[in-house]
Amino acid sequence: MRKTIIAGNWKMNKTAAEAKAFIEEFKPLVAGIDSVEIVLCPVFTALTSAVEAAAGSNVKIGAQNIHWAENGAYTGEISAAMLKETGIDYVIIGHSERRQYFGETDETVNQRLNAALAADLIPMVCIGELLEEREGGKTESVLDTQLKGGLAGISKDDMAGIVVAYEPVWAIGTGKTATPEMAEDTHAYIRKVLTEMFDAETAEKVRIQYGGSMKGANSAELVAQADIDGGLVGGAALEPASFAELITNAC
Ligand code: PGA
């Protein structure tokens, strides 16, 4: 049985003080929910205060990126050890904004993923097609390439603990959500590719989040689909009450 995982991706929003204030307000709203793993992913400078504010609660903290090297001349990047030191448990890898604006590729996703696994961070690996790719009938081949490149060389054991986030790029921040049926079709396809790459037992263990305009009004319907195991949420995770509602509806 896969446990639902819902993560808030705050992107470049919220200072450390704002993150702390959010978590103080948010914790009581989700206290007692144990059927959903709840994760918040603030900016790097807010990680320590977020971990402190969430301590002892069912709210876990993750980062939005990780570099593969242990240290060195990589201006603007951050290593696994540096992230671990803050006390976080999760990390987002290969978000479409990183791919689009910062040149990330399936190869760098794979390198970052290996660094996260070596540090025992739970990776949320993002994949997803552009609008023109969906309209051109290329969704499956795009996802196939992203999965085979990003997850190359990963062991079955490690794969079972990796979270895959399917985020159709055309649905991110646009208010356009994939219909639950459309999302489910794609999630089932992703699990089929994972079965081919690894095996059925491993693929059954992998949690696949949906991302792209998930909100309180659609989280229940999306998470009710057989192969949708949670969400990666941007805009609707920025306000404590609405994010708590989204999670509660998905329970
Ligand atoms: P959105 O973003 O929920 O604002 O569409 C999702 C994401 O980019 O992870």
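Which helix supplies the largest share of the lining of the largest pocket? The legends below, all drawn from a predicted model, begin with that pocket.

**View 1. The largest pocket and its lining in the predicted model.** The largest share of this lining, four residues, is contributed by helix H4, which spans residues 96-102. The volume of the largest pocket is about 480 Å³, and of the 16 residues that line it, those closest to its centre are Lys-11, Met-12, Gln-64, Arg-98 and Phe-102. Sorted by character, the lining of the largest pocket consists of seven nonpolar, five polar and four charged residues.

**View 2. The second largest pocket and its lining.** This pocket holds about 160 Å³ of space, and of the 16 residues that line it, Gly-173, Gly-212, Ser-213, Gly-234 and Gly-235 are the closest to its centre. The lining of the second largest pocket is made up of five nonpolar, eight polar and three charged residues.

**View 3. The aromatic pair of Trp-10 and Phe-22.** The count of aromatic pairs in the model comes to five. In the pair shown here, the ring centres of Trp-10 and Phe-22 are 4.7 Å apart and the ring planes stand at 70 degrees, and because an angle over 60 degrees counts as edge-to-face, the pair is placed in that class. Distant parts of the chain are linked by this pair, since Trp-10 lies in the loop between strand S1 (4-9) and helix H1 (16-30), whereas Phe-22 lies in helix H1, and the two are twelve residues apart. Both Trp-10 and Phe-22 are buried.

**View 4. The wider surroundings of Trp-10.** Trp-10 and Phe-22 belong to a cluster, joined by ring pairs, that also takes in Phe-26 and Phe-243. The ring of Trp-10 has a further partner in Lys-14, whose charged end sits over that ring at 5.3 Å from its centre.

**View 5. Ala-115 and its contacts.** Ala-115 is a residue of helix H5, which covers residues 106-118. Its relative accessibility is 12%, and because a value under 20% counts as buried, Ala-115 is assigned to the buried residues. When its neighbours within four places in sequence are left aside, Ala-115 is in contact with Ile-66, His-67, Trp-68 and Ala-80. Ala-81 can also be located in this view, for although Ala-115 and Ala-81 are 34 residues apart in sequence, their C-alpha atoms are 9.4 Å apart in space.

Definitions and conventions: Residues are numbered from 1 along each chain as its sequence is written. This is a predicted model: local features need pLDDT of at least 70, side-chain atom pairs count only at pLDDT 80 or more; totals for chains, interfaces and linings use all residues. Side-chain values use heavy atoms; hydrogens and water are left out. Rings of Phe, Tyr and Trp (its six-membered ring) pair if their centres lie within 6.5 Å; planes under 30 degrees apart count as stacked, over 60 as edge-to-face and the rest as tilted. Buried means under 20% relative accessible area, exposed over 50%, partly exposed in between (1.4 Å probe, protein chains only). A charge sits over a ring if NZ of Lys or CZ of Arg is within 6 Å of the ring centre and within 35 degrees of the ring normal. Contact means heavy atoms within 4.5 Å. On a 1 Å grid over the protein atoms alone, a cavity is a set of points where a 1.4 Å probe fits but cannot get out, and a pocket is an open set with protein on both sides within 12 Å along at least five of seven lines; lining residues have an atom within 4 Å of a point. Grid points are joined across faces, edges and corners, and a volume is the space filled by probe spheres set on the points. Ala, Val, Leu, Ile, Met, Phe, Trp, Tyr, Cys and Pro count as nonpolar, Asp, Glu, Lys and Arg as charged, and the others, Gly among them, as polar.
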